[in-house]
Amino acid sequence: MSEFIAERGDQGLRRLAAGTLLAAFQGTEAPEWVLRELENGLGGVTLFGFNVADAAQLSTLTSRLRASADPVISLDEEGGDVTRLAYHVGSPYPGNAALGAVDDVELTRRVYRSIGDDLARCGVNLDMAPSADVNTAADNPVIGTRSFGAETALVARHTVAAVHGLQSAGVAACVKHFPGHGSTRQDSHLEVPLVDASVELLRERELAPFRAAIEAGTRSIMTAHVRVPAVTGALPATLSPAALTGLLRGEMGYEGVIITDALDMKAVTAAYGLAGGSVLSLAAGADLLCLGPIPTEDDVRLIVDEIVAAVHDGRLPAARLEAAAERVAALRAWFGTPRTGEAERDVIGLTAARRAVSLTGSAAPLVDPLVVEVDTPPTIAVGDVPWGFTPLLPQAEVLRVKPEVADVADILERASGRSLIVVVKDAHRYEVSQSVVSALLAARPDATVVEMGLPIWRPEGVTYLATYGAARANAQAAAELLGV
């Protein structure tokens, strides 16, 4: 047992254990139990869309969280589809796919600087972004437009730009999802995805953006609950000493904070449980455990109990907790370092979205347009964030339809004599959406198709507009281009 714990006993050990946790809570005000746990050493909190009403409320919330402690206050603000600040209205920034399509690293830096400025003004000090995943699987259900693209070098240079942008605003970047989630075809919220790559391919493809981020000085890196048999064997990377201590710390030389992806995801809990997975992740080399939105006050207490028990029975070295505490303390010290440089004040999000949007064919003048949005189910990572053209097209009729029950004949009747615009999101992943669009185009080849996800499935011979994301900024840029 370490001198620290020998001197302070179980109270000191419990404080070290609590210091590894990033808890979550429901609502827009901090519950008393969270404030009490922060006083008792809780490492910090992770905020979600349901914690945020607007910037003023978030500033009040973070001030309250800081009243008696110095917590890590984190959230996922990637821009594009994944937003917490603008969860109820859609992000004013395009996401990574749009920035990768433009491929201007200075633009990416400016977008992330602006995101960082927004977060800093609201009291958030760590952004669980950017995604450094190389999205080589077109049907990836969890990454998609969250990635800068399918080319390693492209992803690496924009990851570096994003890190520089965020951290110049005094907000720590958390580059994710190590060792790479882009080649998977499963969602780690539901199961353990497989990365079927040799160590050589992993180094060349998945790891290169993380290596670049380390060289750029990223303050934190997030693990992925993915299985890479060549490295992790049967374990997900989050629980793998070979991945976190051997590969990330040893081979890649990373010395910053390692943060887990949400441990309440089934990729961890189904086989190891929340408390058991927490201990295994700490033993593997993680420093901060993101618990996700599901665990309660009782769960947090049980996790702390299990960590303490693991130290006593030898499953978890006390030195591991102390090393984690030292890294998190260094991160907190970095938070307080004065920043230089001007805040981003331009409307950079819309500027970037306008540069990303692309048009194939010609957009004819619109006549009493009917906009048909083919509904797409939200992913767990994104949540139920608004997307589409409402309320950006007040002069158009916007009709949202579920593709499984869409009445094509009725839509065509309503569109008679009018311009028809058909909007989809990631149509390549949903055959039923493709069927609806194809049926509409068969009768109306003059219709315009707008893809607000990845532009992989493209009907031939029609006017086609790609936004590379479904954020509010993407929709506004598309509406402007269409002239609606």
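**Entry 1: an odd tyrosine**

I started at Tyr468, which I found in the loop between strand S14 (463-466) and helix H18 (472-482). This is a predicted model, so I am reading computed geometry here. Tyr468 caught my eye with its positive phi of about 65 degrees, although it is not a glycine. I checked its cover too: Tyr468 is buried, at a relative accessible area of 19%. That sits just inside the rule, because buried means under 20%.

I then looked up Asp103, another non-glycine residue with a positive phi, this one near 60 degrees. Asp103 lies in the loop between helix H4 (96-102) and helix H5 (105-121). Its relative accessible area is 34%, so I noted Asp103 as partly exposed.

**Entry 2: helix H8**

Next I went to helix H8, residues 207-215. How many of its 9 residues are buried? I got 7, so H8 goes down as mostly covered. The buried ones are Leu207, Ala208, Pro209, Phe210, Ala212, Ala213 and Ile214.

What do these buried residues pack against? I listed three helices, H6 (152-168), H7 (199-204) and H10 (241-251), plus the strands S5 (172-178) and S6 (220-223). Just after H8 I came to Gly217, which takes a positive phi of about 90 degrees.

**Entry 3: aromatic pairs**

I searched for paired rings and the structure gave me 3 aromatic pairs. In one of them, Phe48 and Phe50 have ring centres 5.6 Å apart and planes at 20 degrees, so I wrote the pair down as stacked. Phe48 is buried at 11% relative accessible area, while Phe50 is partly exposed at 32%.

Another pair took me back to H8. The ring centres of Phe178 and Phe210 are 5.4 Å apart and the planes stand at 90 degrees, so this pair is edge-to-face. Phe178 belongs to strand S5 and Phe210 to helix H8, so I noted a link between distant parts of the chain, 32 residues apart. Both Phe178 and Phe210 are buried.

**Entry 4: cis bonds around S5**

I stayed with Phe178 and looked at its backbone. The peptide bond from Phe178 to Pro179 is cis, with omega near 5 degrees. Pro179 itself has its place in the loop between S5 and H7.

I also found a cis peptide bond joining Lys176 and His177, where omega is about 0 degrees. His177 lies in strand S5.

**Entry 5: salt bridges**

How many salt bridges does a search of the whole structure find? My note says 30.

I picked out Asp305 and Arg14, whose side chains meet at 2.8 Å, N to O. This pair links distant parts of the chain: Asp305 is in helix H13 (residues 297-313) and Arg14 in helix H1 (residues 3-18), 291 residues apart. Asp305 is partly exposed at 33%, and Arg14 is also partly exposed, with 33%.

Helix H13 came up again with Glu297. This residue forms a salt bridge with Arg36, with the closest N and O atoms 2.8 Å apart. Arg36 lies in helix H2 (residues 32-39) and Glu297 in H13, so the pair ties together parts that are 261 residues apart in sequence. I have Arg36 as partly exposed at 37% and Glu297 as partly exposed at 24%.

My next pick was Asp375 with Arg400, a salt bridge at 3.1 Å, N to O. Asp375 lies in the loop between strand S10 (370-374) and strand S11 (397-401), and Arg400 in S11, so the parts tied together are 25 residues apart in sequence. Arg400 is partly exposed at 37%.

I also saw salt bridges that share partners: they join Asp76, Glu78, Arg84, Arg146 and Lys176 into one network. I had already met Lys176 at the cis bond to His177.

One more thing about Arg400: its charged end sits over the ring of Trp387, 4.4 Å from the ring centre.

**Entry 6: cysteines**

Last, I looked for disulfides, and the count came to 0. Why does Cys122 form no bond? Its closest cysteine sulfur is in Cys174, and 19 Å is too far. Cys174 has its own closest cysteine sulfur in Cys290, at 8.8 Å, which is also too far for a bond. Both would need to be within 2.5 Å to count. I noted that Cys122 is buried with 5% relative accessible area, and that Cys174 is buried with 0%.

Technical notes: Residues are numbered from 1 along each chain as its sequence is written. This is a predicted model: local features need pLDDT of at least 70, side-chain atom pairs count only at pLDDT 80 or more; totals for chains, interfaces and linings use all residues. Side-chain values use heavy atoms; hydrogens and water are left out. Buried means under 20% relative accessible area, exposed over 50%, partly exposed in between (1.4 Å probe, protein chains only). Helices (H or I, at least four residues) and strands (E, at least two) are DSSP runs, numbered from the N terminus. Contact means heavy atoms within 4.5 Å. A salt bridge is a side-chain nitrogen of Lys or Arg within 4 Å of a carboxyl oxygen of Asp or Glu. Rings of Phe, Tyr and Trp (its six-membered ring) pair if their centres lie within 6.5 Å; planes under 30 degrees apart count as stacked, over 60 as edge-to-face and the rest as tilted. A charge sits over a ring if NZ of Lys or CZ of Arg is within 6 Å of the ring centre and within 35 degrees of the ring normal.
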